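User: Could you zoom in on one side chain for me and then follow the trail to the rest of the structure? I'm in my first year, so please keep it relaxed and explain the terms as you go.

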Amino acid sequence: MRPYLKYIIPIVIPLIVLLLPLSAFPFEGLTIVQQRVIAIFLLAALCWVFEPIPIYATSVVIIMLELLMLSNKGIFFFRLEEGEAHFGELLQYNDIMATFASPIIMLFLGGFFLAMAATKYRLDVNLARVLLKPFGQDPKFVMLGLMLITGVFSMFMSNTATTAMMLSILTPVIAVFGPKDPGRVAFALCIPVAANIGGIGTPIGTPPNAIALKYLVGDSLITFGEWMAFGVPFVIVMMALAWFLIGSLYKADQQKIELTIKGRFLKTPKAIIVYITFASTILLWLMGSSHGMNSYTVALIPVAIFSITGIINKEDLKKISWDVLWLVSGGIALGLALDQTGLAKLVVHSIPFGMFSPYVVLIGAAFLCLLMANFMSHTATATCLCRLWRL
């Protein structure tokens with residue numbers, strides 16, 4: 001594709017959609033507000049696919065366009081036909097802005113604080129050092145240990161941060177293998193694979209989980225512990241398959257390997273606060289049904305404690321993955337527009353799902369997700385599809 005097309009396509013197609021008459025759409029009863037949501041949805045999807053701008057910037061554009069074109073405090077030009085039957089209902093501007101402070105955002109913020117504190121006080125490295133000891137010196141079992149530990153860390157930390165940390169630990173070990181030893185490939189691959197699999201295990205493991213959790217409300221509500229109840233067994237099975245597959249394809253020639261991780265647990269007052277807070281937060285997340293607090297409320301506990309004690313200072317705040325939070329916010333805002341304008345319900349009800357087996361629908365949805373995720377951000381894919389498939 002020619003480079004300039006990635007800038008033209010995401011602009012031209014939504015503009016065409018905006019200029020089309022309502023009768024050109026295959027949905028009976030479509031309103032002008034819903035037509036604008038379709039245009040914004042297409043703009044977001046195309047920007048996430050072609051990436052003419054950073055994906056987090058696309059999320060900010062979504063929120064801005066919704067405020068201008070869909071809110072009750074938008075530009076007067078977009079409200080000239082307000083009150084007419086074919087116009088539709090405008091969104092409340094404060095509901096759109098509230099997506100920047102959604103409970104899902106607070107959940108991720110708490111996870112980021114835990115991860116930063118663990119890294120800053122070397123809790124992650126020291127846990128890796130202790131937990132790897134039982135796996136001995138056989139390369140295949142050392143690799144299993146690395147994968148399990150990476151998977152556990154990625155349940156509570158960014159997959160990218162976990163991979164970077166574990167590969168830095170692993171770099172001297174990879175150097176032990178001969179230049180043509182397949183074990184080098186196996187050990188390098190096992191870390192990112194394990195991080196991606198491990199991220200499935202908790203709601204904060206990866207942003208797509210948070211997008212799904214946003215729509216699991218009411219009778220479909222899933223707590224932090226309930227998510228782990230089905231997520232962790234799935235992670236274990238996938239981890240075992242990945243370990244077997246990588247070990248079979250890239251069997252190490254080296255018969256013995258020694259993994260040396262230097263370090264010790266810090267015993268300073270702040271380090272002890274980190275250890276206690278980390279363990280307590282995870283325990284509170286797992287025991288949500290007994291103490292009455294939901295996972296969003298619990299997530300703010302480490303934020304408050306680490307801020308009060310100075311464990312996370314203003315310099316550390318600059319290192320938070322704000323782009324991820326903005327990306328999730330944009331996804332939530334898009335879901336809000338689809339929901340409150342009635343577009344999601346209109347689209348889904350126009351598709352004859354009753355003619356198909358639930359298994360066919362499930363397999364079709366999974367295949368569509370798989371296809372889209374190979375060309376665009378996983379979070380963006382989850383954003384585009386979660387709301388539609390929920391209905």
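Analyst:
**Starting from one tryptophan**

Let's start with Trp243, which is partly exposed, with a relative accessible area of 23% (buried is under 20%, exposed is over 50% and partly exposed is in between, using a 1.4 Å probe and protein chains only). Keep in mind that this is a predicted model, where local features need pLDDT of at least 70 and side-chain atom pairs count only at pLDDT 80 or more, while totals for chains, interfaces and linings use all residues. Numbering runs from 1 along each chain as its sequence is written, and side-chain values use heavy atoms, without hydrogens or water.

Who does Trp243 team up with? Its ring belongs to an aromatic pair with Phe141, at 6.3 Å centre to centre and 35° between the planes, which makes the pair tilted. (Rings of Phe, Tyr and Trp, using its six-membered ring, pair when their centres lie within 6.5 Å; planes under 30 degrees apart are stacked, over 60 edge-to-face, the rest tilted.) Why care about this pair? Phe141 sits in helix H7 (residues 139–154) and Trp243 in helix H11 (residues 224–249), so the two rings tie together parts that are 102 residues apart in sequence. (Helices are DSSP runs of H or I with at least four residues, numbered from the N terminus.) Phe141 is partly exposed as well, at 36% relative accessible area.

For a contrast, look at Phe265 and Tyr275: their ring centres are 6.0 Å apart and their planes are at 90°, so this pair is edge-to-face. Phe265 lies in the loop between H11 and helix H12 (269–286), while Tyr275 is in helix H12, so here the parts tied together are 10 residues apart in sequence. The two partners also sit in different surroundings: Phe265 is partly exposed at 28% relative accessibility, whereas Tyr275 counts as buried at 19%. In total, the structure has 7 aromatic pairs.

Now for charges. The whole structure has 2 salt bridges (a side-chain nitrogen of Lys or Arg within 4 Å of a carboxyl oxygen of Asp or Glu). One of them joins Asp316 to Lys120, with the closest N and O atoms 2.6 Å apart. Asp316 lies in helix H15 (residues 314–317) and Lys120 in helix H5, so this bridge ties together parts that are 196 residues apart in sequence. Asp316 is buried at 8% relative accessibility, but Lys120 is partly exposed at 36%. Glu315 forms a salt bridge too, with Lys318, and there the closest N and O atoms are 3.3 Å apart. Glu315 is partly exposed at 44%, and Lys318 is exposed at 60%.

What about a charged residue tucked inside? Glu66, in helix H3 (residues 55–69), is buried, with a relative accessible area of 0%. Leaving out residues up to four places away in sequence, Glu66 touches Ile40, Ser71, Ile96, Ala333, Leu334 and Ala337 (touching, or contact, means heavy atoms within 4.5 Å).

Ala333 leads us on to Thr99, which is in the loop between helix H4 (93–97) and H5. Thr99 is buried at 4%, and beyond its neighbours within four places in sequence it contacts Ile63, Ile105, Ser329, Ile332, Ala333 and Leu336. Ile332 is a nice one to find on screen: its C-alpha atom is 6.2 Å from that of Thr99, although the two residues are 233 apart along the chain.

How values were computed. Helices (H or I, at least four residues) and strands (E, at least two) are DSSP runs, numbered from the N terminus.
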